[in-house]
Amino acid sequence: MQQIINFLIRNKNFLLFLLLLFLSLILTIQSHSYHKSKFISSTNFLTGGVYGWRYSVSNYFGLKSDNERLLQENEQLRNQISWLTADTIVTKFVDTTSYNKPFTFIKGVVYKNDYSKVDNYILINKGEKDGIEPDMGIITDKGIVGIVENTSKNYSRVISILNSNSRINAGLKKSNQYGSLVWNGKDPNIVQLETVPRQAILQKGDTIITNGRSTIFPRGIGIGTIINYKLDENQSYFLIDVQLFNDMTDIGFIYAIKSNDASEIRSLENPKIDE
Amino acid sequence: MNNNVLLYIGRFLSLVLVQVFILNHINFLGYLNPFIYIIFILLAPLNIHKSLFLFLSFVLGLTIDLFGDSGGVHATACLVIAYLRPVILRSVFGLSYEFQTVKLSKVGFGQRLAYVTLMVFIHHIVLFSLETFNFSHTLLIAKKTLFSSLFSIIAIMLVLVLFRRKDS
């Protein structure tokens, strides 16, 4: 007994080192597995508050370009609804009390954005109190950004499409073939679309959009354009390089997509699990 | 003594804030960030209590991890260099470290550069290996380690020169 205690005292630094090393390695491994990295996260009030403080200073520097982007988006939206002249509006009545929108959008601001690592996360300034939940999709005016992974009262952490754990269903705009969108960790403006069947007819410059196969994103949200494609080793699937519409290094403001039918669809798909 | 503790607390906080606010967002050439917060570990007093030093280094790394959403990679890297620091000090400064007479502000440029280089390089190898966490990206790890180390070493040497203490 005496010897054991002596041993412990003699090697206490080494044992402390091992203990802390073990702890930090566990945290590291958890951070690399999807939906488990909850302990060390910037959504707590301290880091969120500090990032909010930083944003309140730095947002003045981008006001001009933000305005420009908002005007562009307005222009695009106005072009989409240009057929709604005064005559058509009067004759079309939509009873909004019973009309159930499938998706609701919640605006937010990016507090922290990474793109230089292999696993990147984004911190946004909306949380549970604004109705953000895990597994909601995040988009900008131009295209998709990621999926909410972790929420706190005031902040949420988004798993960026520039993350090795991110897998998003995406497909071609002109046909119904689809694959999953992943990132190889190299260029923050180019992502890869995998497992598109070789029957698909591709062309450089084709548009890639979300295809609405999950409850996360509605169909038709822009992702990017094809800049390169080749068949994989088995000659059965295409590997496609996609140039993103978004500049992932400069996101600014975002919209979170709340799917109002999500729980209904999920309970249909997994009838055993009571929601 | 009390004054020194305040100095170290101030250094801890200011290094973390500078790292998180400014240096994590440089992204020079797309992915290069200097990690100067390890100056806290580099400049810790030589006769510091070892367990306390390990613990402080762990907390320092964990704070950076909290801000950067990186799990425990900085904590691991800091812990490793804090544990290896006596070995590196001994190999760089030799006898003068054994007799506790070495002062970082007094040693020559070559020795200081060797010390900083060794510490930064080990820190960055651990950091980027764990951050990437994928053996198929070995080349990427090597590239990031090499260039970020260069960047960090230059930044740290500059900071050490600029903020040299002018005591006797």
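**The interface of chains A and B, with its cavities and a pocket**

Chain B and chain A together bury about 3,200 Å², and carbon and sulfur atoms account for 67% of that area. On the chain B side, the residues that lose the most area to chain A are B:Phe21, B:Phe67 and B:Asp69; together they make up 22% of what that side buries. I should say at once that this is a predicted model, and that the values I present are computed from it.

Let me begin with the contact itself. Chain A contributes 35 residues to the contact and chain B contributes 34. How do the residues of the chain B side divide by class? There are 17 nonpolar, 12 polar and 5 charged residues on the side of chain B that touches chain A.

I turn to the polar side of the interface. Between chain B and chain A, 10 residue pairs are in polar contact, with both residues at pLDDT 80 or more. The interface also has 2 salt bridges. One of them joins B:Asp69 to A:Lys112, with 3.0 Å between the closest N and O atoms. B:Asp69 has already been named, as one of the three chain B residues that lose the most area to chain A.

Which elements of chain B give two or more residues to the side that touches chain A? They are α1 (2-21), α3 (50-68), α4 (73-93), α6 (109-132) and α7 (138-162). Of these, α3(B) supplies the largest share, with 10 residues.

I come now to the enclosed spaces. The count is 3 cavities of 30 Å³ or more. The largest cavity holds about 200 Å³ of space. Its lining comprises 20 residues, and those closest to its centre come from both chains: A:Ser116 and A:Lys117, together with B:Asn24, B:Asn33 and B:Phe35. Two or more lining residues come from each of α3, α6 and α7 of chain B. Here again α3(B) gives the most, in this case 3 residues. By class, the lining of the largest cavity has 7 nonpolar, 8 polar and 5 charged residues.

The second largest cavity has about 60 Å³ of space. From chain A, the lining takes A:Ser31, A:His32, A:Lys117, A:Asp119 and A:Tyr121. From chain B come B:Asp69, B:Ser70, B:Gly71, B:Val73 and B:Glu131. Two residues in this list have appeared before: A:Lys117 is among those closest to the centre of the largest cavity, and B:Asp69 forms the salt bridge with A:Lys112. The lining of the second largest cavity divides into 2 nonpolar, 4 polar and 4 charged residues.

Finally, I consider a pocket. The second largest pocket has a volume of about 680 Å³. Which residues lie nearest its centre? Of the 25 residues in its lining, these are A:Ser58, A:Val110, A:Asp250, A:Ile251 and A:Gly252. The elements that give two or more residues to this lining are α3 (45-58), α4 (63-80) and β1 (103-113) of chain A. The strand β1(A) gives the most, with 5 residues. By class, 9 of the lining residues are nonpolar, 11 are polar and 5 are charged.

To close, I return to two points from the interface: α3(B) provides the largest share of the chain B side, and B:Asp69 is paired with A:Lys112 in a salt bridge.

How values were computed. Residues are numbered from 1 along each chain as its sequence is written. Chains are lettered from A and ligands numbered from 1 in the order in which they are written. This is a predicted model: local features need pLDDT of at least 70, side-chain atom pairs count only at pLDDT 80 or more; totals for chains, interfaces and linings use all residues. Side-chain values use heavy atoms; hydrogens and water are left out. On a 1 Å grid over the protein atoms alone, a cavity is a set of points where a 1.4 Å probe fits but cannot get out, and a pocket is an open set with protein on both sides within 12 Å along at least five of seven lines; lining residues have an atom within 4 Å of a point. Grid points are joined across faces, edges and corners, and a volume is the space filled by probe spheres set on the points. Helices (H or I, at least four residues) and strands (E, at least two) are DSSP runs, numbered from the N terminus. Ala, Val, Leu, Ile, Met, Phe, Trp, Tyr, Cys and Pro count as nonpolar, Asp, Glu, Lys and Arg as charged, and the others, Gly among them, as polar. Contact means heavy atoms within 4.5 Å. Buried area is the accessible area (1.4 Å probe) that two parts lose on being put together, summed over both. A salt bridge is a side-chain nitrogen of Lys or Arg within 4 Å of a carboxyl oxygen of Asp or Glu. A polar contact is a pair of N or O atoms within 3.5 Å; within protein, one must be able to donate a hydrogen and the other to accept it, and residues adjacent in sequence count only if both atoms are side-chain atoms.
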